[in-house]
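Trainee: I am new to this structure. Can we go through it in short questions and answers?

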Amino acid sequence: MSNDPLLQPYQLKHLTLRNRIIVTSHEPAYPEDGMPKEKYRAYTVERAKGGVALTMTAGSAAVSRDSPPVFNNLLAYKDEIVPWIREMTDAVHEEGAAIMIQLTHLGRRTRWDKGDWLPVVAPSHHREASHRAFPKKVEDWDIERIIRDFADAAERMKAGGMDGIELEAYGHLIDQFASPLTNELDGPYGGALENRLRFCFDVFRAIRKRVGDEFILGVRYTADECLPGGNGPAEGIEISKRLRDSGLIDYLNVIRGHIDTDPGLTDVIPIQGMANSPHLDFAGEIRAATNFPTFHAAKIPDVATARHAIAAGKVDMVGMTRAHMTDPHIVLKIMEKREEDIRPCVGANYCLDRIYQGGAAYCIHNAATGRELTMPHILAKADARKKVVIVGAGPAGLEAARVAGERGHEVVVFEAANNPGGQIRLTAQSERRREMISIIDWRMNQCEKYGVTFRFNTWAEADTIEAEKPDVVIIATGGLPHTEVLTSGNELVVSSWDIISGDVKPGSNVLVFDDAGDHAGLQAAEFLAKAGAKVEIMTPDRSFAPEVMAMNLVPYMRSLQKHDVTFTVTYRLDAVEKSGNQLVAHVGSDYGGVAKQRSFDQIVVNHGTIPLDELYFELKPRSSNLGEVSHDELLSGKPQSILRNPEGRFQLFRIGDAVAARNTHAAIYDGLRIAKDL
């Protein structure tokens, strides 16, 4: 038996967990009609295949109709969910893992115009900033009904074969009762701490009556709200002890912080550029104070930190949730002593930010996550070995090289620069985004493992490519900044890349015109502000940086507001002209009726990239498919078979920003799905 702390079994009541790593409850927004159908099941089972001890799903499943999900969650209040749950639990159990589900009533953490348009309820009328609903103050009959709904949902989950359930308290209705900031009730459910906790214990009592004493019950709760007037660490320890002493639950899942605002949520679930495992020591304090089974997860992305958490007795089970979105086979690789092969979570938070934009959760650099039905996590060897030449060693090109190499092809990569990485190497120059370089480093290590040949400092031309006698050519040359967007004066502006790279010295009074809305615009603004410039960010959109999304925006705002950066929305930079040593910006609006002139000494334009595609078009007439991609074959996972030029000696494809300006995930997805079927 291994003496690795992470690989030791753990006994939770009657349930033997095969190791100490769990995936905590989270909602990837994969349900269909509120049910965990085939896509959801495939995603969940993949983590079980990868060796995790316990996977918790649904963050969180709704128990009541007046708790409508604000994005695509499971609906535990429907009887029809039971057979879907049974299919998922059976499949997870077959892989040797345990499975639990998280149940909740969102309280005020939702909207009144979702689902059935029922009033939002909470123990006060205080609006939650994130979801903007003004709640109805909960009545006695609401409380009775919701307690019954929790018990009904728990009974459904037990009937579906779950090993247990976890109640989601933090930020949701149970926590809204517990916090003095959100509970203004009188009588048995308001006032003193004992009364504020009554709702939580009444819910657990009702559940226990339905599911019995052997069923595992836990709670994910706030042990320190980190808010003036809220429950602090002392109250948190008292709450923890009362939960333990109730005899109703089997473990504590500790959270520190509040999630009623984007900054609060980001501090609870930190992103890249923020400290790893910031709440682990606090969770350890709760465990020490209670001597009770304690779980915890919050930016624990690496095996070393997870191992320390267990070895030092901080927690009994360590959550590596986003890490398992990046690599579902972490435990298997630990067991096989292949930790160097673990794909690293870079904290980009593309997964979480996407769901709050109404999308599904996808990992920024594992395009198979959430696509288990169509994209492989483990690649099969190709039937025949081919010569694959790739031009460009950015994320798209490196993913194509990794995939083709793992499948057994001979792969040669040409790169004009002296280092791999493309735009990621540029963005990683920012201290906040330096973790992004792991996307490149991991792929380079994998490519070395599979024998991929790299030719750096080499400008590939058509004849260079043909001399390799390739079977397949993949153009992944990316793009260059697109600043030709003004009616006049394009030659007077610089790009966000110029600023981030340091190729252009920062001005002192700078306009950043950003209508791409991605990281580059905010990175340039932050670089300028830190250099001492007076900075204004202008966008024609009604909000700035929409592609950055909510949680990633938080650290930028903390930095930019500290430097007194000005944010201007709904205005468009139309033209620029020079006047002495100043640049005159002609500003208009898509809404019409505006014509302003403003003076700056530097103007930065962030308008994405334009494809660097000359080589592609030079090679196109020499290729057998003339560059054409069959979308039907691409989407159905079949090899590309188009033959438009019988004289052509190689297939030609292009991927990533060499096609059009998109993002890192799109580039990697391009590389995976074109190379996996070669």
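Trainee: Which residue with a positive phi follows α16?

Mentor: Keep in mind that this is a predicted model. Most residues other than glycine have a negative phi. Here the residue is a glycine, with phi near 75°. The residue that follows α16 is Gly451.

Trainee: How far apart are the end C-alpha atoms of α16?

Mentor: Helix α16 covers residues 437–449, which is 13 residues. At 1.5 Å a residue, the helix should span 18 Å. The model agrees with that expectation, because the end C-alpha atoms are apart by 19 Å.

Trainee: Which elements are among those that cover the buried residues of α16?

Mentor: Start with the buried residues themselves. They are Ile437, Ile439, Ile440, Trp442, Arg443, Met444, Gln446 and Cys447. Their cover includes α14 (395–406), α15 (423–427), β15 (453–455) and α23 (664–675).

Trainee: How many cavities of 30 Å³ or more are there, and how much space lies in the largest cavity?

Mentor: Rolling a probe the size of a water molecule over the atoms shows where empty space is left. The search of the whole structure gives four cavities of 30 Å³ or more. The space in the largest cavity is about 660 Å³.

Trainee: Which residues lie closest to the centre of the largest cavity?

Mentor: The lining has 45 residues. By class they are 25 nonpolar, 14 polar and six charged. β4 (54–62), β5 (98–104), α8 (262–268), α11 (321–326) and α13 (350–356) each supply at least two lining residues. Closest to the centre are Ser25, His26, Tyr170, Ile269 and Leu352.

Trainee: Which element gives the most to the lining of the second largest pocket?

Mentor: The second largest pocket has a volume of about 680 Å³. Its lining has 29 residues, and those nearest the centre are Ser130, Asp262, Tyr356, Gln357 and Ala550. Two or more lining residues come from each of α8, α13 and α20 (550–562). The element that gives the most, with seven residues, is α20.

Trainee: How many residues of each class are in the lining of that second largest pocket?

Mentor: Sort the lining into nonpolar, polar and charged. The counts are 16 nonpolar, six polar and seven charged.

Trainee: Which strands are at the edges of the open sheet of five strands?

Mentor: The order is β18-β25-β19-β20-β21, and the pairing is parallel. An edge strand pairs on one side only. The edge strands are β18 (494–495) and β21 (566–569).

Trainee: Which residue in β20 stands opposite Leu511?

Mentor: Strand β19 covers residues 509–514, and strand β20 covers residues 534–539. They run parallel and are joined by five bridges. Opposite Leu511 stands Glu536.

Trainee: How many residues of strand β10 are buried?

Mentor: Strand β10 covers residues 251–256. Six bridges join β10 to strand β9 (residues 216–224), and the two run parallel. One bridge pairs Leu252 in β10 with Val219. The rest of the structure largely encloses β10, because the buried residues number five of the six.

Trainee: Which residues does Ser240 contact, leaving aside its neighbours within four places in sequence?

Mentor: Ser240 is found in helix α7 (residues 233–245). Its relative accessible area is 0%, so Ser240 is buried. Its contacts are Tyr221, Ala223, Leu252, Ile286 and Thr290.

Trainee: How far apart in space are Ser240 and Asp471?

Mentor: In sequence, 231 residues separate them. In space, C-alpha to C-alpha, the separation is 63 Å.

Trainee: Is Ala29 buried or exposed?

Mentor: Ala29 sits in the loop between β3 (21–23) and α1 (38–49). Its phi is positive, about 65°, although Ala29 is not a glycine. Buried means under 20% relative accessible area. At 9% relative accessibility, Ala29 counts as buried.

Trainee: Is Lys337 buried or exposed?

Mentor: Lys337 lies in the loop between α12 (330–335) and α13. Its phi is also positive, near 55°. Exposed means over 50%. At 71% relative accessibility, Lys337 counts as exposed.

Trainee: What is omega for the peptide bond from Gly59 to Ser60?

Mentor: Most peptide bonds are trans. This one is cis. Ser60 has its place in strand β4. For the bond from Gly59 to Ser60, omega is near 10°.

Key
Residues numbered from 1 in each chain as written. Predicted model: local features only at pLDDT ≥ 70, side-chain atom pairs only at ≥ 80, totals over all residues. Heavy atoms only, no water. 1 Å grid on protein atoms, 1.4 Å probe; cavity = no way out; pocket = protein on both sides within 12 Å on 5 of 7 lines; lining within 4 Å. Points joined across faces, edges and corners; volume = space filled by probe spheres on them. Helix = DSSP H or I, 4+ residues; strand = E, 2+ residues; numbered from the N terminus. Nonpolar A, V, L, I, M, F, W, Y, C, P; charged D, E, K, R; others polar. Expected span 1.5 Å × (residues − 1). Buried < 20%, exposed > 50% of the residue type's maximum accessible area, 1.4 Å probe, protein only. Contact = heavy atoms within 4.5 Å. Pairing = 2+ DSSP bridges.
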